[in-house]
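Dear colleague,

I am passing on a structure that you have not worked with before, and below it I have set out what was found. Please read the notes with the structure open beside them.

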Amino acid sequence: MSCHDGCVRLTLHVQPGAKKTEAAGEHGDCLKVRLAAPPVDGKANAALLAWLADRFGVAKRDVELLSGDKSRHKVVRIARGLDDAAALDRLGFH
């Protein structure tokens, strides 16, 4: 994760098909997110971007999938100026 130039950049390990959508700690050098959506026809990606927009209080258009469209390893950019601690707090890591 990095926060600079008014954006938050997250490196995520995503687990689709989970019981509920939630932040789930660390996975190597990534933050792990469990998604309730299935990994079918982009539903998991759409659910991830919507969940991040909600957690960060921004519009869906301010959350962009930079890489990992067909992978569990994803990089996401959020147009919201926060420091690292505030970004982790938004995700539910305390």
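**The nonpolar core**

In this predicted model, the largest nonpolar core has 21 residues, and those with the most contacts inside it are Leu10, Leu12, Leu52, Phe56 and Ile78. Two or more residues of this core come from each of strand 2 (7-15), strand 4 (30-34), helix 1, strand 6 (73-78) and helix 2 (84-91), and helix 1 gives the most, with 7 residues. In soluble globular proteins, nonpolar side chains tend to be buried together.

To follow one core residue outward, you could start from Leu12, which, when residues up to four places away in sequence are not counted, touches Cys30, Leu31, Val33, Leu48, Leu52, Arg72, His73, Lys74 and Val76.

**The largest pocket**

The largest pocket has a volume of about 210 Å³. It is lined by 13 residues, of which Pro39, Ala44, Asn45, Asp69 and Lys74 are the closest to its centre. By type, the lining divides into 5 nonpolar, 3 polar and 5 charged residues.

**Asn45**

Asn45, one of the residues closest to the centre of the largest pocket, is found in helix 1, which spans residues 43-56. Is Asn45 buried or exposed? Asn45 counts as buried because its relative accessible area is 10%, and buried means under 20%. Leaving out residues up to four places away in sequence, Asn45 touches Leu65, Asp69 and Lys74. Lys74 is also among the residues that Leu12 touches.

With best wishes

How values were computed:
Residues numbered from 1 in each chain as written. Predicted model: local features only at pLDDT ≥ 70, side-chain atom pairs only at ≥ 80, totals over all residues. Heavy atoms only, no water. Helix = DSSP H or I, 4+ residues; strand = E, 2+ residues; numbered from the N terminus. Buried < 20%, exposed > 50% of the residue type's maximum accessible area, 1.4 Å probe, protein only. Contact = heavy atoms within 4.5 Å. Core = buried A, V, L, I, M, F, W, Y, C linked by side-chain atoms within 4.5 Å. 1 Å grid on protein atoms, 1.4 Å probe; cavity = no way out; pocket = protein on both sides within 12 Å on 5 of 7 lines; lining within 4 Å. Points joined across faces, edges and corners; volume = space filled by probe spheres on them. Nonpolar A, V, L, I, M, F, W, Y, C, P; charged D, E, K, R; others polar.
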